[in-house]
Amino acid sequence: MADKPTSVDAYLADQPPAERAVLQQIRATIHRAVPDTGEKISYAIPAATIDGRVFIFFAGWKAHVSVYPVPEGDAAFEKTIEPYNSGRGTLKFPLGEPIPFDLIAQVAVRLAERARNS
């Protein structure tokens, strides 16, 4: 990706097919989990918004896709995200392994609630 994308569609179009397919599913998962979500490019990666404010980011990389930031949760939630938590506020999902879209939906809902209450 030589130039910074100007839209989420442009970002996705620049991704290799395998990453693009997973990122499109993550995008759809976020929109299903948090209806009326907007979107934009922020920090050169896709971001979902509520009332124009970013509440979650997602991005494709060579060997994984990531979702940012990591929301806080109870002990059960923390245990569920532990295999994907790479620290520094990032959940990494390796390509070639099943992507837990239900977990990504939970993350989106938690982050959306936090954004609405702040």
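**Exercise 1. Work out which way the residues of β4 point, and whether they are buried or exposed.**

*Solution.* Start with the two faces of the strand. His64, Ser66 and Tyr68 point one way from β4, while Val65 and Val67 point the other way, and all of them are buried. Keep in mind as you look that this is a predicted model.

Next, take the strand as a whole. β4 covers residues 64-68, and 5 of its 5 residues are buried, so the strand is largely enclosed by the rest of the structure. The cut-off behind this step is a relative accessible area under 20%.

**Exercise 2. Find which strands pair with β4, and in what direction they run.**

*Solution.* Begin on the β3 side. Strand β3, residues 53-60, is joined to β4 by 4 bridges, and the two run antiparallel. To place this pairing in the model, look for Ala59, which stands opposite Ser66 in β4. The connection is a hairpin: 3 residues lie between β3 and β4.

Now turn to β5. Strand β5, residues 91-94, is also joined to β4 by 4 bridges, again antiparallel. Here a good pair to look for is Val65 and Phe93, with Phe93 in β5 standing opposite Val65.

**Exercise 3. Follow the pairing from β3 back to β1, noting the hairpins on the way.**

*Solution.* Step one is β3 with β2. Strand β2 spans residues 45-50, and 4 bridges join it to β3 in an antiparallel arrangement. Two pairs help you find your place: Thr49 has Val54 of β3 as its bridge partner, and Ile50 stands opposite Arg53 in β3. Between these strands the hairpin has 2 residues, and Asp51 takes a positive phi near 50° there.

Step two is β2 with β1. Strand β1, residues 38-42, is joined to β2 by 5 bridges, and these strands run antiparallel. Gly38 has Thr49 of β2 as its bridge partner. Thr49 therefore appears in both steps, as the partner of Gly38 in β1 and of Val54 in β3. The hairpin of β1 and β2 has 2 residues between the strands, with Tyr43 at a positive phi near 55°.

Step three is burial. In β2, 6 of the 6 residues are buried, so that strand is largely enclosed by the rest of the structure. In β3 the count is 6 of the 8 residues, so β3 is largely enclosed as well.

**Exercise 4. Locate Ala63 and say what it touches.**

*Solution.* First find its element: Ala63 lies in the loop between β3 and β4. Then list its partners, leaving out residues up to four places away in sequence: Ala63 touches Pro94 and Leu95. Finally, check a distance in the viewer. Ala63 and Lys92 are 29 residues apart along the chain, and their C-alpha atoms are separated by 9.5 Å.

**Exercise 5. Decide whether Thr29 is buried or exposed, and list its contacts.**

*Solution.* Place the residue first: Thr29 sits in helix α2, residues 17-33. Its relative accessibility is 5%. Buried means under 20%, so Thr29 counts as buried. Then set aside its neighbours within four places in sequence, and the contacts of Thr29 are Phe101, Ile104 and Ala105.

**Exercise 6. Step back and describe the whole chain: what is the order of its elements, and how compact is the protein?**

*Solution.* Count the elements first: the protein has 4 helices and 5 strands. Read from the N terminus, they run α-α-β-β-β-β-α-β-α. The radius of gyration is 13 Å, close to the 13 Å that the globule rule gives for 118 residues, so the protein is as compact as a globular protein of that length. Its C-alpha trace spans about 40 × 35 × 25 Å along the principal axes.

Then consider burial and contacts. Of the 118 residues, 42% count as buried. Among contacts between residues at least 6 apart in sequence, 50% join residues at least 24 apart.

Finish with the surface and the charges. The accessible surface comes to about 6700 Å², and 50% of it belongs to carbon and sulfur atoms. The protein carries 13 positive and 14 negative charges, whose mean positions are 4 Å apart.

Key
Residues are numbered from 1 along each chain as its sequence is written. This is a predicted model: local features need pLDDT of at least 70, side-chain atom pairs count only at pLDDT 80 or more; totals for chains, interfaces and linings use all residues. Side-chain values use heavy atoms; hydrogens and water are left out. The radius of gyration is taken over C-alpha atoms; the globule rule is 2.2 Å times the number of residues to the power 0.38. Buried means under 20% relative accessible area, exposed over 50%, partly exposed in between (1.4 Å probe, protein chains only). Contact means heavy atoms within 4.5 Å. Accessible areas come from the Shrake-Rupley method with a 1.4 Å probe; for residues, only the protein chains shown count as cover. Lys and Arg count as positive and Asp and Glu as negative; His and the chain ends are not counted. The place of a charge is taken as NZ of Lys, CZ of Arg, CG of Asp or CD of Glu.
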